[in-house]
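Please walk me through this model in the viewer, saying at each stop what to select and what is to be found there. I would like to begin with the covalent cross-link and move outwards from it.

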Amino acid sequence: MKKNGFVSTTLIYTFFIIFLTLMIFLLNSYSRNRYLLSTYKYDIKKSFAENNGANSKSDLEVYFMVWNKESLEYELANDLPEGYILEKELSSCKNGSTIDFVDNKVAITSQGKDTCYLYFKPLDEGNV
């Protein structure tokens, strides 16, 4: 009887140790895969941001900064505003492109990739 009890106890401990080892392996594998997945997601988002940001393939990036009368500061606009005039003193390009503003149209002469910031103020200066 002692042998049967000893064998069954050894067998139970062996299966228990194998079960614990398997569980540790599965949990480790799951956490590693989850970490890799989050890393891949971050890398994909970063690559999209780089393609849409400063490293984009466009030759010229233009940002329209419009004076807001309520907040008394410049805010980024999506397009060329109506009823505003270009402030040539503040407007500039990072790589030296030239900016011309004639008949409410902007013309930028560039030799290569450049980023330009165009500042606009309202036509009626008395309200600013």
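**Starting at the disulfide**

Select Cys93 and Cys116 and look along their S-S bond: the torsion about it is about 105 degrees, so the disulfide is right-handed. The bond joins parts of the chain that are distant, with Cys93 in strand β4 (residues 92–93) and Cys116 in strand β7, 23 residues apart. Bear in mind throughout that this is a predicted model. In this model the two sulfur atoms of Cys93 and Cys116 lie 2.0 Å from each other, and the count of disulfides comes to 1.

Now show the surface and ask of Cys93 and then of Cys116: is the residue buried or exposed? Cys93 has a relative accessible area of 12%, which is under the 20% cut-off, and is therefore buried. Cys116, with a relative accessible area of 0%, is buried as well.

**On to Ser97**

Next, select Ser97, which is placed in the loop between β4 and β5 (98–102). Because its relative accessibility is 13%, Ser97 counts as buried. Display the side chains around Ser97 and two polar contacts can be traced from its own side chain: one goes to the side chain of Asp114 at 2.5 Å, and another reaches the side chain of Ser110 at 3.3 Å. If neighbours within four places in sequence are set aside, the residues in contact with Ser97 include Ile108, Thr109 and Gln111, and also Cys116, the cysteine that forms the disulfide with Cys93.

**Along β7 to β1**

From Cys116, follow strand β7, which covers residues 114–122, and bring strand β1 (residues 60–68) into view beside it. Which way do these two strands run relative to each other, and how many bridges join them? They run parallel, and 7 bridges join them. For a landmark in this pairing, select Phe64, which stands opposite Leu118 in β7.

**From β1 to β2**

Keep β1 selected and add strand β2 (residues 73–77), which pairs with β1 in the antiparallel sense over 5 bridges. Here the residue to select is Met65, which is found opposite Leu76 in β2. Finally, move to the turn of this hairpin, where 4 residues lie between β1 and β2, and check the backbone of Leu72, which takes a positive phi near 55 degrees.

Definitions and conventions: Residues are numbered from 1 along each chain as its sequence is written. This is a predicted model: local features need pLDDT of at least 70, side-chain atom pairs count only at pLDDT 80 or more; totals for chains, interfaces and linings use all residues. Side-chain values use heavy atoms; hydrogens and water are left out. Two strands pair if DSSP finds at least two bridges between them. A disulfide is a pair of cysteine sulfur atoms within 2.5 Å. Buried means under 20% relative accessible area, exposed over 50%, partly exposed in between (1.4 Å probe, protein chains only). A polar contact is a pair of N or O atoms within 3.5 Å; within protein, one must be able to donate a hydrogen and the other to accept it, and residues adjacent in sequence count only if both atoms are side-chain atoms. Contact means heavy atoms within 4.5 Å.
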